Amino acid sequence: MADINTLLLETEENMMGAVEAAERDFSALRTGKASPALVEGLMVEYYGSQARLRDIAGITTPEPRLLVIQPWDNKALSAIEKAIQLSNLGISPLNDGRVIRLPIPELTEERRRDLTKQLHRRAEEAKVALRTHRRDANEAIKKAEKASDITEDDMREMLDDVQKLIDDYSKQIDDLVAKKEKDLMQV
């Protein structure tokens, strides 16, 4: 019975993790404003291994539409520039030998619609993760009832609790999507 009690807690933690991952994923979508989240997760070839950009450089936003990347080691400038060019950001880096500047261009209406579609696709992937966690929890609950670890009434109550969890976390994802979509469509 102790295992079945921790099941709801574990399921909730997994769903919370899925929402947090979706939030990080959404923050990487480019709006018309400069945000370090756009580039901090980029992988850069650094001394023969892959490193996240945020681990090898400082990323600041001195102006609302400008990112400045200052590597801790100047030898990494060209590798950072190359990683930005290979990413699908659609931003051309300006390297002055000390820092890299990323001017964030105004988004076109077509690009805004594409980003909104991408946002909805990523949201659906997050909801699929939630449904997977629900399925795993439901299977474990039904298995416990079959093994007579819990009563049929307990099973129904736990299945309802799991459904309430997925409803709550799905709504959180929907709220994140609405907020991000508003940012994307704002001119």
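What follows is a chat between a visitor and a guide about the predicted model shown above.

Visitor: Let's start with the overall layout. How many helices and strands does the protein chain have, and what pattern do they follow?

Guide: The secondary structure comes to five helices and six strands. Reading along the sequence, you get α-β-β-α-β-β-α-β-β-α-α.

Visitor: How do you know whether the protein chain is a compact globule or not?

Guide: Set its radius of gyration against the globule rule. For 187 residues the rule gives a value near 16 Å, but this chain has 22 Å. The C-alpha trace spans about 70 × 40 × 25 Å along its principal axes. So with 22 Å against 16 Å, the chain doesn't match a compact globule.

Visitor: What makes helix H4 worth a look?

Guide: Helix H4 covers residues 109-146, which is 38 residues. From its first C-alpha to its last it reaches 55 Å. The expected span takes 1.5 Å a residue and comes to 56 Å, so the actual reach is close to the expected one. After H4 comes serine 148, with a positive phi near 65°.

Visitor: Why is the pair of arginine 113 and glutamate 109 called a salt bridge?

Guide: The cut-off is 4 Å between a side-chain nitrogen of Lys or Arg and a carboxyl oxygen of Asp or Glu. Here the closest N and O atoms are 3.3 Å apart, so the pair qualifies. In general, side chains of opposite charge can pair when their charged atoms come close.

Visitor: Why can those two residues of H4 reach each other?

Guide: Arginine 113 and glutamate 109 are four residues apart in helix H4, so about one helical turn separates them. The general rule is that an α-helix has 3.6 residues a turn, so residues three or four places apart point the same way.

Visitor: Are arginine 113 and glutamate 109 buried, exposed or partly exposed, and how do you know?

Guide: Buried needs under 20% relative accessible area and exposed needs over 50%. Arginine 113 has 45%, so arginine 113 is partly exposed. Glutamate 109 has 40%, so glutamate 109 is partly exposed too.

Visitor: What makes Arg135, Asp136 and Glu139 a network?

Guide: Arg135 takes part in two salt bridges here. With aspartate 136, the closest N and O atoms are 3.2 Å apart. With glutamate 139, they are 3.8 Å apart. Both values fall within 4 Å, so both pairs count, and the three residues are linked. Arginine 135 and glutamate 139 sit four residues apart in H4, about one helical turn. As for accessibility, arginine 135 has 44%, aspartate 136 has 37% and glutamate 139 has 47%, so each one counts as partly exposed. A search of the whole structure finds nine salt bridges.

Visitor: On to the inside. Which residues have the most contacts within the largest nonpolar core?

Guide: That core has 23 residues, and the ones with the most contacts inside it are Val39, Leu53, Leu67, Ile69 and Ile80. Helix H2 (53-56), strand S3 (57-63), strand S4 (66-71), helix H3 (77-86) and strand S6 (100-103) each supply at least two of its residues. H3 gives the most, with five.

Visitor: What does Ile80 touch?

Guide: Leaving out residues up to four places away in sequence, Ile80 touches Val44, Leu53, Ile56, Ala57, Ile69, Pro71 and Ile100. Ile80 is one of the buried residues of H3, alongside Leu77, Ala79, Glu81, Ala83 and Ile84. The buried residues of H3 pack against strand S1 (43-46), H2, S3, S4, strand S5 (94-95) and S6.

Visitor: Why is leucine 176 called buried?

Guide: Buried means under 20% relative accessible area, and leucine 176 has 18%, so leucine 176 makes the cut. Leucine 176 lies in helix H5 (residues 152-185). Val19, Glu23 and Phe26 are what leucine 176 touches, not counting residues up to four places away in sequence. Phe26 also belongs to a second, separate core of 19 residues, which includes Leu29, Leu165 and Ile173 as well.

Visitor: And what share of the protein chain is buried?

Guide: Buried residues make up 39% of the 187 residues. The accessible surface comes to about 11100 Å², with 48% of that belonging to carbon and sulfur atoms.

Terms used:
Residues numbered from 1 in each chain as written. Predicted model: local features only at pLDDT ≥ 70, side-chain atom pairs only at ≥ 80, totals over all residues. Heavy atoms only, no water. Core = buried A, V, L, I, M, F, W, Y, C linked by side-chain atoms within 4.5 Å. Buried < 20%, exposed > 50% of the residue type's maximum accessible area, 1.4 Å probe, protein only. Contact = heavy atoms within 4.5 Å. Rg over C-alpha atoms; globule rule 2.2 N^0.38 Å. Areas by Shrake-Rupley, 256 points an atom, 1.4 Å probe, with all protein chains shown as cover.
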